[in-house]
Structures are given as C-alpha cells and as structure tokens.
Amino acid sequence: PARYVNSVAISIDNRFIVFGSNGKSLRVRDVATGKGARTLKRHTSSIYSVAISPNSQFIVSGSGDSTLRAWNVATGKC
C-alpha cells in the first residue's frame with residue numbers, strides 16, 4: 001500500500017527531520033545526508049502529528065490509534 005506523509009517536523013538545530021505517515025511509523029532522516037537514521041514503530045494506526053522538543057532530544061507523535069508517544073532520539077526507544 002502507498003504511504004502518505006501526514007506530518008513533518010525538523011529539529012531546531014537542523015540535524016534531522018521526522019515524517020509521520022499512514023504507514024504507522026515515524027521516519028527520521030539526517031538533513032545533511034538525506035539518509036534514514038531510523039524508523040520508529042509502536043503505533044497501530046496512521047500518524048497525524050509529530051513534534052520535536054526544543055533540545056532535539058525527544059520526538060512526540062500522535063496517532064489515529066488515540067495515543068501520544070514520546071521517543072528518545074538517541075536511542076529510538078518509546
């Protein structure tokens with residue numbers, strides 16, 4: 001199935017960009033290289049919103065599964 005980007009956020013330090021999609025996962029990419037740093041999976045429905053903390057240490061995602069999840073950028077743990 002096709003994946004659609006529903007939300008995008010870029011870190012304040014411009015190091016990485018995060019995409020939330022209907023594919024139930026977050027994709028984190030390095031801005032300088034464009035390469036994927038990691039894929040974060042824990043939601044069971046499309047992701048409609050993403051935000052990055054001001055210190056670029058955490059990502060928060062909101063999903064159609066009625067959950068908010070907080071992710072550690074360094075470890076990828078939820």
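Visitor: How many residues lie between β2 and β3 in their hairpin, and which turn residue has a positive phi?

Guide: β2 and β3 form a hairpin with 3 residues between them. In the turn, K24 has a positive phi of about 70°. Keep in mind that this is a predicted model.

Visitor: How many bridges join the two strands of that hairpin?

Guide: Strand β2, residues 16–21, and strand β3, residues 25–30, run antiparallel and are joined by 5 bridges. Individual residue pairs can be read from these bridges. F19 has R27 in β3 as its bridge partner, and G20 stands opposite L26, also in β3.

Visitor: Which strand does β3 pair with through R29?

Guide: R29 stands opposite G36 in β4. L26 likewise has a residue of β4 opposite, namely L40. β3 and β4 run antiparallel, with 5 bridges joining them. They too form a hairpin, here with 5 residues between the strands. G34 in that turn has a positive phi of about 80°.

Visitor: In what order do the strands of this sheet lie?

Guide: The order is β1-β2-β3-β4, in an open sheet of 4 strands with antiparallel pairing. β1 (5–10) and β4 (36–41) are the edge strands; each has a single partner, so one side of each is left without a neighbour in the sheet. Neighbouring strands are turned by 20° against each other on average, with direction ignored.

Visitor: And what is the strand order in the sheet that contains β6?

Guide: There, 3 strands form an open sheet in the order β5-β6-β7, and the pairing is antiparallel. β5 (47–52) and β7 (68–72) have a single partner strand each, so each stands at an edge with one side lacking a neighbour in the sheet. From one strand to the next, the twist averages 20°. Strand β6, residues 58–63, pairs with β7 over 5 bridges in the antiparallel sense. One position to inspect is S61, which stands opposite R69 in β7.

Visitor: How should side chains on a strand be read, and which residues make up the largest nonpolar core?

Guide: In a regular strand the side chains alternate between the two faces of the sheet. As for the core, the largest nonpolar one has 12 residues: A9, F16, V18, L26, V28, L40, I47, V50, I52, I59, W71 and V73. β2, β3 and β5 are the elements that give two or more residues to this core. β5 gives the most, with 3 residues.

Visitor: What does V18 touch, leaving aside residues up to four places away in sequence?

Guide: With those residues not counted, V18 touches S7, V8, A9, L26, R27, V28, V50, I52 and I59. Core members among them include A9, L26 and V28, as well as V50, I52 and I59.

Visitor: Turning to a loop, is S66 buried or exposed?

Guide: The cut-off for exposed is over 50% relative accessible area. S66 has 71% relative accessibility, so it counts as exposed. Its place is in the loop between β6 and β7.

Visitor: How many residues along the chain, and what C-alpha distance, separate S66 and R42?

Guide: S66 and R42 are 24 residues apart along the chain, and their C-alpha atoms are separated by 12 Å.

Methods: Residues are numbered from 1 along each chain as its sequence is written. Side-chain values use heavy atoms; hydrogens and water are left out. Two strands pair if DSSP finds at least two bridges between them. Axes are lines fitted to C-alpha atoms, for helices over the stretch in contact, and angles run from 0 to 180 degrees between N-to-C directions. A nonpolar core is a set of buried Ala, Val, Leu, Ile, Met, Phe, Trp, Tyr and Cys residues joined through side-chain atoms within 4.5 Å. Buried means under 20% relative accessible area, exposed over 50%, partly exposed in between (1.4 Å probe, protein chains only). Contact means heavy atoms within 4.5 Å.
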